[in-house]
Amino acid sequence: MGEINVLCDDVWQVDYDIHLYHGHGHLEKVYENALAHRLRKLGLDVKQQFPLKVYDEDGTTIGDYVTDLLVNDVLVVEVKAAKNLALEHEAQVLGYLRSAKLKHALLINFGSPKFQIRKFVL
C-alpha cells in the first residue's frame, strides 16, 4: 500500500506544479499532455488514452472506456478542465476502476482557479 501512496503523492505534486505554472483556462488535452510529459520525465510509465474493457458477469465484453492516463499500470488518472468537479465525473472514475479491476484513481480538475483533486480507492 505504501508504494501506491508514494505514487499518488508524486502525481499530486506534479498536478499542483502544472496548475501553478499553466493556471486554468486551457483545454483538457493541454493538461493531459503536460501531466503525461512531466510524469514520464520522472521515469514513470504513462499510457495516454488507455482503453479499458467493460465485462459482463460471464466475462463477455459489453463496452469500452478510455481513461486519460494509466500510470505504472496501477493508477487511473482522469483529467478535467471544468468550472468544478461534479458527481458525473466521480461516477466516471468509479466506472473506470470497476471496469479495469483496479483499486486507485485520481480525478484532477485544472479548470477551476482553485486546484481540485480527489483520490478514489475501491
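Colleague: Let's start with Trp12: how does its relative accessible area class it, as buried, partly exposed or exposed?

Modeller: In this predicted model, Trp12 has a relative accessible area of 34%, so it is partly exposed.

Colleague: Thanks! And how should I read a pair of aromatic rings?

Modeller: Two values describe such a pair: the distance of the centres and the angle of the planes. Here the count comes to five aromatic pairs. One of them joins Trp12 and Phe115, with 5.7 Å centre to centre and 85° between the planes, an edge-to-face arrangement.

Colleague: Which parts of the chain does that pair link?

Modeller: Distant ones: Trp12 sits in helix H1 (residues 2-22), while Phe115 lies in the loop between strand E4 (104-109) and strand E5 (116-121), 103 residues apart. Phe115 has 14% relative accessibility, so this residue counts as buried. Trp12, Phe115 and Tyr16 form one aromatic cluster.

Colleague: Now backbone angles. What sign of phi do most residues other than glycine have?

Modeller: Negative, for most of them. Asp73 has a positive phi, near 60°. Asp73 is in the loop between strand E2 (61-71) and strand E3 (75-80), and is partly exposed at 40% relative accessibility. Lys101 also has a positive phi, of about 55°. Lys101 belongs to the loop between H3 and E4 and is exposed, with a relative accessible area of 66%.

Colleague: One last residue: is Ser99 buried or exposed?

Modeller: Buried, with a relative accessible area of 11%. Ser99 is in helix H3 (residues 87-100). Leaving aside residues up to four places away in sequence, Ser99 touches Lys53, Val54, Tyr55 and Tyr65.

Technical notes. Residues are numbered from 1 along each chain as its sequence is written. This is a predicted model: local features need pLDDT of at least 70, side-chain atom pairs count only at pLDDT 80 or more; totals for chains, interfaces and linings use all residues. Side-chain values use heavy atoms; hydrogens and water are left out. Rings of Phe, Tyr and Trp (its six-membered ring) pair if their centres lie within 6.5 Å; planes under 30 degrees apart count as stacked, over 60 as edge-to-face and the rest as tilted. Helices (H or I, at least four residues) and strands (E, at least two) are DSSP runs, numbered from the N terminus. Buried means under 20% relative accessible area, exposed over 50%, partly exposed in between (1.4 Å probe, protein chains only). Contact means heavy atoms within 4.5 Å.
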